[in-house]
Amino acid sequence: MEKCSNFPVLIRSVLASILWLACGSHLLGGEFNPTHNIGDQIEGWKDLPGTDGKTHSMSDLKESEFLVVVFTCNSCPYAVDYEDRINALAKSYSESKSSVAVVAINSNKIEADLLPAMKERAKEKKFTFPYLFDDSQQVCKQFGAVRTPEFFVLNQDRRIVYMGALDDNTKPELVTKRYVETAISALSKGEQVEPAETAPVGCLIRIDRRRRKE
């Protein structure tokens with residue numbers, strides 16, 4: 001009888017453990033993202049300075065059906081290796097008159113990554129996409145971005161449908177899978193994005209640990 005009387009308590013304990021694990025896994029983020037899961041909504045950036053001399057907000061892109069947001073920089077060799085591919089991606093969507101916008105954000109604070117250097121790089125490489133400076137580093141934290149380059153695809157509701165690497169190889173001649181383009185294609189067809197998350201490959205974003213959390 002004593003064992004039977006404790007049975008409901010045991011059930012409640014097991015259910016509580018399951019609930020804690022479920023909530024905990026969400027708080028821990030995705031497989032590779034420390035903050036977000038696929039499906040999470042992003043508030044976005046506001047009034048970030050760009051290399052074009054203007055300020056930019058995510059709300060400026062409300063007419064774009066899908067967004068590709070890439071965290072990148074000038075100084076990381078991986079980011080440099082991907083510059084031409086990012087440029088080509090943005091150019092392909094602009095030429096096809098699709099409703100896909102590509103935006104690059106730099107959150108690094110070293111000299112080589114500050115806005116003056118960004119302007120020089122954008123001019124030299126003839127970037128066809130907005131290149132924005134996240135001086136507060138709050139935007140990369142909001143996305144849970146940790147590497148350069150790291151890509152996010154957002155749907156119409158600005159929910160994450162893909163996050164991770166652009167493709168499956170840092171050497172362009174060896175690429176066999178183009179994750180971001182596959183995600184956009186699936187979205188356009190109303191299909192499920194697969195894979196929805198991959199491991200980003202690149203340098204760690206240089207977070208200023210001295211900055212007070214807002």
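Biologist: Which residue takes a positive phi in the hairpin of β7 and β8?
Modeller: R158 does, with phi near 60°, and the hairpin places 5 residues between its strands. This is a predicted model, in which local features need pLDDT of at least 70, side-chain atom pairs count only at pLDDT 80 or more, and totals for chains, interfaces and linings use all residues. Residues are numbered from 1 along each chain as its sequence is written, and side-chain values use heavy atoms, with hydrogens and water left out.

Biologist: What makes β7 and β8 a pair of strands?
Modeller: Strands are DSSP runs of E with at least two residues, and helices are runs of H or I with at least four, numbered from the N terminus. Two strands pair if DSSP finds at least two bridges between them. Between β7 (residues 150–154) and β8 (residues 160–164) there are 4 bridges, in the antiparallel sense, so the definition is met. One partner pair is F151 with G164 of β8.

Biologist: Which strand is joined to β7 by 5 bridges?
Modeller: That is β3, which runs antiparallel to β7. V69 has F152 as its bridge partner there.

Biologist: Why is F66 called buried?
Modeller: Buried means under 20% relative accessible area, exposed over 50%, and partly exposed in between, with a 1.4 Å probe and protein chains only. F66, in strand β3, has 4% relative accessibility, so it counts as buried. Contact means heavy atoms within 4.5 Å. Leaving aside neighbours within four places in sequence, F66 has contacts that include V100, L154, R158 and I184. The C-alpha atoms of F66 and R158 are 7.8 Å apart, although their positions lie 92 residues apart along the chain.

Biologist: How do you know that β3 is largely enclosed?
Modeller: In β3 (residues 66–71), 6 of the 6 residues are buried, so the rest of the structure largely encloses the strand. F66, V68 and V70 point one way and L67, V69 and F71 the other. In a regular strand the side chains alternate between the two faces of the sheet. For β7 the count is 5 of 5 buried, so that strand is also largely enclosed.

Biologist: What makes β3, α2 and β4 a right-handed unit?
Modeller: A crossover is right-handed if, with the strands pointing away from the viewer, the path from the first strand over the helix to the second runs clockwise. The β-α-β unit of β3, helix α2 (residues 77–95) and β4 is right-handed. β3 and β4 (residues 100–106) are parallel, with 6 bridges, and F66 stands opposite V100.

Biologist: Why does D113 have no salt bridge?
Modeller: A salt bridge is a side-chain nitrogen of Lys or Arg within 4 Å of a carboxyl oxygen of Asp or Glu. Buried D113 has R206 as its nearest side chain of opposite charge, at 4.7 Å, so the cut-off of that definition is not met.

Biologist: Where is D113, and which backbone nitrogen lies 2.8 Å from a polar atom of its side chain?
Modeller: D113 is in the loop between β4 and α3 (115–125), and the nitrogen belongs to N74. N74 sits in the loop between β3 and α2, and its 6% relative accessibility makes it buried.

Key: Lys and Arg count as positive and Asp and Glu as negative; His and the chain ends are not counted. A polar contact is a pair of N or O atoms within 3.5 Å; within protein, one must be able to donate a hydrogen and the other to accept it, and residues adjacent in sequence count only if both atoms are side-chain atoms.
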